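This report looks at helix packing and at the residues behind it. The structure comes first, then the details.

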Amino acid sequence: MSGILLAFFTSFITTLLIIRTQRLHALYSADHDLSGPQKFHEFSVPRIGGLGIGLGIILSTALRWLGKDGQSIELIFILCAILPFGIGFAEDITKSISIRARLLSIAIGALAASHWLGAEITSLDVWGFDYVLQVPLIAMLFTTFAITGLSNAYNIIDGFNGLASMVAIMTLLALGYVGFKFNDFPLVYLSITMAAAILGFFIWNYPRGLIFLGDGGAYLIGFWIAIISILMVVRHNEISPWFALLVNGYPITETLFTIYRRKIHQGKNPGDPDGIHFHSLIFRRVLNTGGKGSAIAAQTANSKTSPFLWVLCSSAIAPGILFYQSTMMLFSFFCIYVIFYTWLYWRIVKFQTPKWFRLY
């Protein structure tokens, strides 16, 4: 409990200090570009919220490490996550690091986690594909791709106040719950302390958007969740690999759909930004705003957007928790989720949003 409280209060206080001192560092830490297709805020805001989360995790990990006489899986987690967080934080400050360099850095961290923690995907309970994953090189490459993809996925869904952070908290609580069911207390600790650290940030991010996660925070969270998800399956054969896929259903689906939309449908580079993510469509078409008008109106619409996606995300997490041992049930719910996501997305694109989806 002390580690959880330490993670929360460290993140909470650090984030508050960043906000209160932003005049001193805004030249470097603030997001001054308000004109991009994915920009929905009316004034510059610090985008280094990941710093508080990172410090919270480091201190809680140090506490755990000292209590175990140096034998700690938590310490290895931190060492593996340093590069993904560091490259993202560097981008938050410089705004000049290419997406290729960032993804490569995350991939290196993923390789380290695969080697040091044994976080390697060797089965998906898919006939034929599992035989391929028995080849060590293929398993390593696939695992690296999966971890890198989920890390970047949290950067993609980090579009509105509280969106990525609350999705992460819900996912981590789900992972912690299943870890508790199997008495895997190291993974429970890693899940709950990260959720506590994110909560310390969330309080200042939602609903007013006083600070943003930034690339560093998004990469750290996505990387952390990816490793825990894989280890949960690796360490417990009773848990289906599809549990890891379903509890991460929203960021995974959003990322794959974004790649399809940009590369196949639009013929663009998948790394190029656009303004038609699911959360962007809800902001513009479900809430009937283009982001113009007074700062108060835009801020209100911004804060109303995230709850739609929290509910959508929970519709994947809930069955994941209930059926974490059944591949057939998890696979079925994953397919239902993807179909529903796609159907709802295209209804909104075509200005045919279902009436029951308009909550405001």
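In this predicted model, the axes of helix α13 (residues 278-286) and helix α15 (residues 327-349) come within 10 Å and cross at roughly 40°. That angle falls outside the ranges for roughly parallel, perpendicular or antiparallel, so α13 is oblique to α15. The crossing of α13 and α15 is left-handed. On the α13 side, F278, L281, I282, R285 and V286 make the contact. On the α15 side, Y341, L344, Y345, I348 and V349 do so. By class, the contact of α13 with α15 has nine nonpolar residues, no polar ones and one charged.

How many of the nine residues of α13 are buried? Seven are, and the helix is mostly covered. The buried residues are F278, H279, S280, L281, I282, F283 and V286.

H279 deserves its own look. This residue lies in α13. Its relative accessibility is 2%; the cut-off for buried is under 20%, so H279 counts as buried. Leaving out residues up to four places away in sequence, H279 touches I156, I157, G159, F160, L163, Y250, T305 and L309.

A second helix pair is α9 (residues 185-205) and α10 (residues 214-235). Their axes lie 10 Å apart, and the helices pack at an angle of about 160°. Angles over 145 degrees count as roughly antiparallel, and α9 and α10 are therefore roughly antiparallel to each other. Their crossing is left-handed. From α9, the residues P186, L187, L190, S191, M194 and I198 take part. They meet L220, I221, W224, I228, L231, M232 and R235 of α10. The contact of α9 with α10 has 11 nonpolar residues, one polar and one charged.

The two pairs, by angle and axis distance:

| Helix pair | Angle | Axis distance |
|---|---|---|
| α13 and α15 | roughly 40° | within 10 Å |
| α9 and α10 | about 160° | 10 Å |

Next, the core. Which residues have the most contacts inside the largest nonpolar core? They are Y154 and W224, in a core of 98 residues. The largest share of this core comes from α10, with 14 residues. W224 is also one of the α10 residues that meet α9.

Y154 has contacts of its own to list. Setting aside neighbours within four places in sequence, Y154 is in contact with A164, V167, A168, T171, A218, I221, G222, I225, N248 and P251. Among them, I221 also takes part in the contact of α10 with α9.

Conventions: Residues are numbered from 1 along each chain as its sequence is written. This is a predicted model: local features need pLDDT of at least 70, side-chain atom pairs count only at pLDDT 80 or more; totals for chains, interfaces and linings use all residues. Side-chain values use heavy atoms; hydrogens and water are left out. Axes are lines fitted to C-alpha atoms, for helices over the stretch in contact, and angles run from 0 to 180 degrees between N-to-C directions. Helices (H or I, at least four residues) and strands (E, at least two) are DSSP runs, numbered from the N terminus. Angles under 35 degrees count as roughly parallel, over 145 as roughly antiparallel, 65 to 115 as roughly perpendicular and the rest as oblique. A crossing is left-handed if the near helix is turned anticlockwise from the far one by less than a right angle, and right-handed if clockwise. Contact means heavy atoms within 4.5 Å. Ala, Val, Leu, Ile, Met, Phe, Trp, Tyr, Cys and Pro count as nonpolar, Asp, Glu, Lys and Arg as charged, and the others, Gly among them, as polar. Buried means under 20% relative accessible area, exposed over 50%, partly exposed in between (1.4 Å probe, protein chains only). A nonpolar core is a set of buried Ala, Val, Leu, Ile, Met, Phe, Trp, Tyr and Cys residues joined through side-chain atoms within 4.5 Å.
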